Amino acid sequence: MSPTTIKSLKSAIFSALLVLIISYPVLGLKLSTIGISLRVEGATAFELWCIGGAAALVFLWQLLRDQLTPAWAKLPKLPSGSGQIGNFLTLPSTQRWIILAMVMVALVWPFFASRGAVDIATLILIYVMLGLGLNIVVGLAGLLDLGYVGFYAVGAYSYAILAHYFGLGFWICLPLAGMMAALFGFLLGFPVLRLRGDYLAIVTLGFGEIIRILLRNLTEYTGGPNGLSIANENKPTLFGLSFERRVPADMPTFHGYFEIAYNSQYKVIFLYLIALLLVLLTLFLVNRLLRMPIGRAWEALREDEIACRALGLNPTVIKLSAFTIGASLAGFAGSFFAARQGLVTPESFTFIESAMILAIVVLGGMGSQLGVILAAIIMVMLQEMRELSEYRMLFFGLVMIFMMIWRPQGLLPMQRPHLELKR
């Protein structure tokens with residue numbers, strides 16, 4: 001055997017063993033609760049075959065990679081038009097028309113879909129709003145924020161506290177929650193003005209965890225681990241008409257005003273339309289900001305902070321504006337999330353939520369609004385696969401790995417403005 005073959009064989013054996021060592025504890029061993037004790041259960045035959053098959057595939061790939069790579073290079077390439085199609089889809093004008101078509105479909109969707117489908121679509125719209133807000137901080141301003149869920153929590157608890165203790169309604173609490181989250185974003189902006197990269201990520205990650213721990217420990221105001229519930233009379237209404245079944249006697253209801261039978265579907269559709277309205281307002285706001293000097297300043301800061309200073313721009317103001325506006329959008333989303341759930345607890349705002357929102361921005365394409373919408377649909381649908389709930393995070397990680405290898409710019413990246421000189 002030649003030295004190259006021996007080297008490939010060693011690499012193949014090591015890779016296959018590594019797959020077995022990592023996969024069997026993750027997929028093959030499970031903990032089950034029996035009374036107050038735990039019992040380790042082994043893998044089923046199907047899971048063992050899957051693990052063995054994966055190890056065999058890795059072994060063969062590592063062993064035959066040198067022979068397969070030239071053959072792979074000789075395969076026919078995709079037609080050159082595919083690059084033109086990708087370039088066409090990343091054009092801002094094309095993305096605007098696609099978004100407009102999606103909005104038209106979204107307007108009629110709840111009247112023909114089932115209640116479960118409308119509920120999932122509402123959750124997708126919440127993540128779209130969160131993704132668009134974080135896209136300002138990460139995609140446009142280039143500031144890595146791992147604690148974005150903290151602003152989400154501030155918005156949700158602002159509405160819950162105002163409704164629970166002061167009896168304020170949703171439409172009054174919505175702007176107040178956004179303002180409170182914006183204030184927290186402004187306050188967070190000051191300590192991180194001189195930080196960038198990994199240091200900025202660590203500080204924002206700490207901020208998100210501090211917010212969650214504070215909400216858990218301030219039992220007197222936030223209810224601690226039990227959270228806060230929101231009364232029916234403080235939930236969203238349509239011109240004063242409630243969609244709840246049980247409300248105070250002096251409060252008119254939607255089904256009572258129109259003298260129709262109560263149907264919980266009306267409430268689900270109404271919440272969906274509110275979420276859609278908030279997403280449309282967010283899209284309008286982001287598009288307007290992109291055309292304003294502040295939007296150009298965010299992009300200048302993302303590309304090169306030193307050049308940004310040389311142009312006479314103030315990075316302090318630019319960073320503070322990005323954090324503040326992005327946080328306010330998270331506050332609006334948090335307020336709506338609290339209204340939809342009717343109960344907020346600290347465990348709804350863990351780090352995994354920040355990771356998912358950041359993954360939506362990265363998967364869709366930094367700075368791309370249409371990309372964020374598509375990525376939010378994909379990520380929420382993966383999250384809602386109940387039959388694959390045990391392997392949800394595994395699929396989540398594989399999707400991100402494949403994206404980083406084959407399309408690091410995202411599904412539909414934003415096409416930056418540029419000038420071309422004719423030859």
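1. Helices and strands are here runs of residues assigned by DSSP, with at least four residues for a helix and at least two for a strand, and they are numbered from the N terminus. On that footing the protein chain, which is a predicted model, has 17 helices and six strands. Labels such as α12 or α14 in the points below follow this numbering from the N terminus.

2. Some totals describe the chain as a whole. The protein chain has 423 residues, of which 43% count as buried, and its accessible surface comes to about 23600 Å², with 69% of that surface belonging to carbon and sulfur atoms. If one takes the contacts in the chain with a separation of 6 or more, then residues 24 or more positions apart account for 74% of them.

3. How do the axes of helix α12 and helix α14 cross? Helix α12 covers residues 293-303 and helix α14 covers residues 315-341, and their axes come within 10 Å and cross at roughly 110 degrees. Because angles of 65 to 115 degrees count as roughly perpendicular, α12 and α14 are described as roughly perpendicular to each other. Two packed helices are described in general by the angle between their axes together with the distance between the axes.

4. Which residues make this contact? From α12 come Ile294, Ala297, Trp298 and Leu301, and these meet Pro315, Ile318, Lys319, Ser321, Ala322 and Ile325 in α14. The residues of the contact of α12 with α14 divide into eight nonpolar, one polar and one charged.

5. Helix α12 can also be considered from the side of burial. In α12 the buried residues are Gly295, Ala297, Trp298, Glu299, Leu301 and Arg302, and what covers them includes α5 (115-140), α11 (264-291), α13 (305-310) and α14. Ala297, Trp298 and Leu301 are buried in α12, and these residues also take part in the contact with α14.

6. Glu305 has its place in helix α13, and α13 is one of the helices that cover the buried residues of α12. With a relative accessible area of 11%, Glu305 is buried, because buried means a relative accessible area under 20%. Not counting residues up to four places away in sequence, Glu305 touches Arg196, Pro315 and Lys319, and both Pro315 and Lys319 are among the α14 residues that meet α12. Glu305 and Gly142 are 163 residues apart along the chain, yet their C-alpha atoms are separated by 9.9 Å.

7. Helix α15 (residues 351-364) holds Ser354, and Glu353 has its place in α15 as well. Are these residues buried or exposed? Ser354 counts as buried at 3% relative accessibility, and Glu353 is buried with a relative accessible area of 13%. Leaving aside neighbours within four places in sequence, Ser354 is in contact with Leu146, Gly147, Tyr148 and Val149, while Glu353, with residues up to four places away not counted, touches Tyr127, Val149 and Ser348. Val149 thus appears in the contacts of Ser354 and in those of Glu353. Tyr148, a contact of Ser354, lies 205 residues from Glu353 in sequence and 8.6 Å from Glu353 in space, C-alpha to C-alpha.

8. Ser158 is found in helix α6, which covers residues 149-166, and at 12% relative accessibility Ser158 counts as buried. The side chain of Ser158 reaches the backbone oxygen of Val154 at 2.6 Å. When its neighbours within four places in sequence are left aside, Ser158 is in contact with Ala177 and Met180.

9. Met179 has its place in helix α7 (residues 170-189). Met179 counts as exposed at 55% relative accessibility, since the exposed class begins over 50%. Although Met179 and Leu329 are 150 residues apart in sequence, they are 9.4 Å apart in space, C-alpha to C-alpha.

10. Leu60, finally, has its place in helix α2 (residues 45-74). Its relative accessible area of 44% makes Leu60 partly exposed, because that class lies between the buried limit of 20% and the exposed limit of 50%. The C-alpha atoms of Leu60 and Leu9 are separated by 9.4 Å, and these two residues are 51 residues apart along the chain.

Notes
Residues numbered from 1 in each chain as written. Predicted model: local features only at pLDDT ≥ 70, side-chain atom pairs only at ≥ 80, totals over all residues. Heavy atoms only, no water. Axes fitted to C-alpha atoms, helices over the stretch in contact; angles between N-to-C directions. Parallel < 35°, antiparallel > 145°, perpendicular 65-115°, else oblique. Contact = heavy atoms within 4.5 Å. Nonpolar A, V, L, I, M, F, W, Y, C, P; charged D, E, K, R; others polar. Buried < 20%, exposed > 50% of the residue type's maximum accessible area, 1.4 Å probe, protein only. Areas by Shrake-Rupley, 256 points an atom, 1.4 Å probe, with all protein chains shown as cover. Polar contact = N/O pair within 3.5 Å; in protein donor to acceptor, adjacent residues only side chain to side chain.
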